[in-house]
Amino acid sequence: MINNVTRYIDLNNEKFRIKPKHQEDELLSSWLVRIARAHLTLTTSFTNMHFKEYKNNIIWQRDLDIWCPDKLIDRISFKSGYSQEIIFNMTLRSLEGIITDKITGKSNTPNIRALGNYCHIKKNGGLMFCPECLNEDKIPYFRKIWRLKEHIICKKHNIKLLSRCSNCSAPLTISKSFKEKDFIFCYKCGNKL
């Protein structure tokens, strides 16, 4: 059962008890959601308890994969036991100099799809996904390449990447869940993505 734990529980100086292995091309946001789920905790509750300095769900109100400051990378590294380099490489900032000259996280970044965050609900559908890849994954996760504007077709399955639920058209929002289901289900209607 997923716990809706209050923000008053302070795990700020505690390490993560469960640390799922990150996938080679996984987005930091995807991995952090998987860690919260492994702890049987709602994503926003988990981050509020572990990262007090980023209160009020600021981590999910911003585009974590672009914005993630070095201080937060250090904290996640401490809590997970993974190196700062591994954590940084899960961010889109690691592509700086490859896909664009500068990635600041303060405005739309060339070559990266904007999520269109509004109160940690994604409005633009910037996080794309291949339903076949998610279906085939032993451990479903979201890939960095799916955030790049030039990638609109899955090269493996030769199908168009999606950004919304095929049932209710809600934009993909992996930090929210539908009745304790995994993030491969639409947070709004529960449809399997």
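Among contacts in the protein between residues at least 6 apart in sequence, what percentage join residues at least 24 apart? The figure is 59%. Keep in mind during the tour that this is a predicted model.

**Stop 1: the whole chain**

Show the protein as a cartoon and start at the N terminus. There are 7 helices and 4 strands to find. Six helices are passed before any strand, as the order of the elements is α-α-α-α-α-α-β-β-α-β-β. Two strands follow those helices, then a helix, then two strands at the end of the list.

Next, switch on the surface. The accessible surface comes to about 10000 Å², and carbon and sulfur atoms account for 49% of that area. The protein has 193 residues, and 52% of them are buried.

**Stop 2: helix 6**

Select residues 84–89, which form helix 6. Within this helix, pick out Ile86. Is Ile86 buried, partly exposed or exposed? Ile86 has a relative accessible area of 28%, so it counts as partly exposed.

Now add Ile73 to the selection. Ile73 and Ile86 are 13 residues apart along the chain, and a distance of 9.4 Å separates their C-alpha atoms.

**Stop 3: the cysteines**

A disulfide is a covalent bond between the sulfur atoms of two cysteines. How many disulfides does a search of the whole structure find? The search finds 0. Two cysteines can be checked in the viewer.

Select Cys154 and Cys130. The cysteine sulfur closest to that of Cys154 is in Cys130, at 3.6 Å. For a disulfide the two sulfur atoms must be within 2.5 Å, so this pair is too far apart for a bond. Cys154 itself is buried, with a relative accessible area of 7%.

Then select Cys165 and Cys189. For the sulfur of Cys165, the closest cysteine sulfur is that of Cys189. The distance here is 3.6 Å, and this is also too far for a bond. Cys165 is buried, at a relative accessible area of 3%.

**Stop 4: a cavity beside Cys165**

Keep Cys165 selected, as this residue helps to line the second largest cavity. The count of cavities of 30 Å³ or more is 2. The second largest holds about 40 Å³ of space.

To see its lining, add these residues to Cys165:

- Ala170, Pro171, Leu172, Thr173, Ile174 and Lys176
- Phe183, Phe185, Cys186, Tyr187 and Leu193

What kinds of residue make up this lining? Colour them by type: 10 are nonpolar, 1 is polar and 1 is charged. Among the lining residues, Lys176 is the charged one and Thr173 is the polar one.

Conventions:
Residues numbered from 1 in each chain as written. Predicted model: local features only at pLDDT ≥ 70, side-chain atom pairs only at ≥ 80, totals over all residues. Heavy atoms only, no water. Buried < 20%, exposed > 50% of the residue type's maximum accessible area, 1.4 Å probe, protein only. Contact = heavy atoms within 4.5 Å. Areas by Shrake-Rupley, 256 points an atom, 1.4 Å probe, with all protein chains shown as cover. 1 Å grid on protein atoms, 1.4 Å probe; cavity = no way out; pocket = protein on both sides within 12 Å on 5 of 7 lines; lining within 4 Å. Points joined across faces, edges and corners; volume = space filled by probe spheres on them.
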